[in-house]
Amino acid sequence: MKKIMVDMDDVICDGGFLSLVNQFLGTHYQKEDIKTYYIQDIIPKEKYPEWSEFFSTKNVYEECSMLPDSYEVLQRLAKKYEIYIATAYIFRDKEAYSGNNLKNKFEYLYHNLPFLSPNRYIFTTNKEILNCDIKIDDKLSNLAGTAEKKLLFTAYHNKTIPQEELKQHGVIRVNNWKEIEKIL
Ligand SMILES: [Mg+2]
């Protein structure tokens, strides 16, 4: 069976981080308002220590929703591929709080993708060391390394990457899970 590496945040589920940032700031930002990969970069620097404290007490995955068709398509793909969920868990702004995030990620995957064994979870920031036949991620640099197919999942922060650049990296853009299923 061929191996697929699938990212979690903004590929399987989304919305949690922005929801917490809005709660913290008392704002109503939408995904379209965010242009950078790290949503928390819209928080003023002087509020960072307070934000780190706030974030450390929250479960980002309580605010998340599954992206349309992700469950159904993954369930079907799991019959013909070995699926690995590869997801980073280090909290950039305060690494010491990352353990909580790791636990929350594990529980979200465990409860929302019951057809995938936890043995298929890979918690790492360095995805390019993973040797999979197919890679699916919303961050272009995570598609580095060897793979016969590399799919960039469209997200708020990657919409402006030109087609030419994707081509140079041998990457195909996909906008939703139905498109992934057609390719795979
Ligand atoms: Mg992601």
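**Two helices and a magnesium site**

Me: Which strands do the buried residues of α4 pack against?
Reply: This is a predicted model. The buried set in α4 includes Tyr-108 and Leu-109. Their packing partners, together with the rest of that set, are β2 (13–14), β3 (65–66), β4 (81–87) and β5 (121–123).

Me: Why do the buried residues of α4 end up on the same side of the helix?
Reply: The set is Ser-98, Asn-101, Asn-104, Lys-105, Tyr-108 and Leu-109. In an α-helix there are 3.6 residues a turn, so residues three or four places apart point the same way. Here the buried ones sit on the same side of α4 because they cover an arc of only 130 degrees around the axis.

Me: And α3, what arc do its buried residues cover?
Reply: Helix α3 (residues 70–77) buries Ser-70, Val-73, Leu-74 and Leu-77. Those residues pack against β1, β3, β4 and α6 (177–183). They lie on the same side of α3, since around the axis they cover an arc of only 100 degrees.

Me: OK, now the metal: which residues are the protein donors of the magnesium ion?
Reply: Look for atoms 2.0 to 2.3 Å from the ion. In sequence the donor residues follow the spacing D-x1-D-x128-D. Two of them give OD and one gives O: Asp-7 (OD), Asp-138 (OD) and Asp-9 (O).

Me: How many residues apart are Asp-7 and Asp-138?
Reply: Both are donors to the magnesium ion, and both are buried. Asp-7 is in the loop between β1 (2–6) and β2, while Asp-138 is in the loop between β6 (134–137) and β7 (149–153). The pair links distant parts of the chain, and the separation is 131 residues.

Technical notes: Residues numbered from 1 in each chain as written. Predicted model: local features only at pLDDT ≥ 70, side-chain atom pairs only at ≥ 80, totals over all residues. Heavy atoms only, no water. Buried < 20%, exposed > 50% of the residue type's maximum accessible area, 1.4 Å probe, protein only. Helix = DSSP H or I, 4+ residues; strand = E, 2+ residues; numbered from the N terminus. Arc of directions from axis to C-beta. Contact = heavy atoms within 4.5 Å. Donors = N, O, S within 2.8 Å, 3.2 Å for Na, K, Ca; no water.
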